[in-house]
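Me: Please take a close look at one part of this protein, the nonpolar core, and describe how the rest of the chain is arranged around that topic.

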Amino acid sequence: MAKVEWSAGIDSVSGALSKPGKNGQHSCAKMLLGTHRVAATENPNCNRIYMRKKVERSTAPSTRELYARVRFASIAAAVSDRSKDLSKITNDQQAFIAQKDLAGGKKTLKAWYWMVEGAAYDQEHPRS
């Protein structure tokens, strides 16, 4: 197994170091993924690097997946619009603060926006 020596100031690397590009872009063909494990072990070298080839999808997206994509895009656009709507900001902040310390309450304003807009989308677009 290879051993990685980090430069001064770098203790560990975790996550995608390089990702394969989309079609038509100049990028690497493989994904380079670094992991760092924090655990009580005898071996202090807990960094690993993996290479993963680009994977092409072999099946078409299902109806359920297409619905999830449309739902996500619609809710994301609604959250973006609502968070910038000056006529709703004060009321939204008050409603968020009122629920955030309750059991099951959303802890961030963005999560609250997603909950509200997700419920509104689901009410307007019931699944059959």
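Reply: What follows starts with the chain as a whole, goes on to the core, and ends with the sheet.

The model is predicted. Its mean pLDDT is 82, and 77% of the residues in the protein chain reach 70 or more. Confidence varies by element: α1 has the highest mean pLDDT, at 95, while strand β1, residues 15-18, has the lowest, at 72. Where pLDDT is low, the predicted coordinates should not be read in detail.

The protein chain holds three helices and three strands. Along the sequence the strands come before the helices, in the pattern β-β-β-α-α-α. Of the 128 residues in the protein chain, 14% are buried. The exposed surface comes to about 10300 Å², with 55% of that area supplied by carbon and sulfur atoms. Taking the contacts between residues at least 6 apart in sequence, 34% join residues at least 24 apart.

Now the core. In soluble globular proteins, nonpolar side chains tend to be buried together. Here the largest nonpolar core has six residues: I75, V79, F96, W112, Y113 and Y121. Two helices, α1 (63-84) and α3 (109-124), each supply at least two of these residues. The largest share comes from α3, which gives three residues.

Y121 is a useful member of this core to follow in the viewer. Leaving aside residues up to four places away in sequence, Y121 touches Y67, V70, R71, S74 and I75. One of these partners, I75, is itself listed in the core. The contacts of Y121 also take in R71 and S74, neither of which is among the six core residues.

The strands are a separate topic. Three of them form an open sheet in the order β1-β2-β3, with antiparallel pairing. β1 and β3 (47-53) are the edge strands; each has a single partner strand, so one side of each is left without a neighbour in the sheet. From one strand to the next, the twist averages 30°. Strand β2, residues 30-36, is joined to β3 by seven bridges, and the two run antiparallel. Within the sheet, L32 stands opposite M51 in β3.

To return to the part you asked about: the core is the six-residue set I75, V79, F96, W112, Y113 and Y121, and α3 contributes the most to it. As for confidence, α1, one of the helices that supply at least two core residues, is the element with the highest mean pLDDT.

Definitions and conventions: Residues are numbered from 1 along each chain as its sequence is written. This is a predicted model: local features need pLDDT of at least 70, side-chain atom pairs count only at pLDDT 80 or more; totals for chains, interfaces and linings use all residues. Side-chain values use heavy atoms; hydrogens and water are left out. Helices (H or I, at least four residues) and strands (E, at least two) are DSSP runs, numbered from the N terminus. Buried means under 20% relative accessible area, exposed over 50%, partly exposed in between (1.4 Å probe, protein chains only). Contact means heavy atoms within 4.5 Å. Accessible areas come from the Shrake-Rupley method with a 1.4 Å probe; for residues, only the protein chains shown count as cover. A nonpolar core is a set of buried Ala, Val, Leu, Ile, Met, Phe, Trp, Tyr and Cys residues joined through side-chain atoms within 4.5 Å. pLDDT is the predictor's confidence in each residue, from 0 to 100. Two strands pair if DSSP finds at least two bridges between them. Axes are lines fitted to C-alpha atoms, for helices over the stretch in contact, and angles run from 0 to 180 degrees between N-to-C directions.
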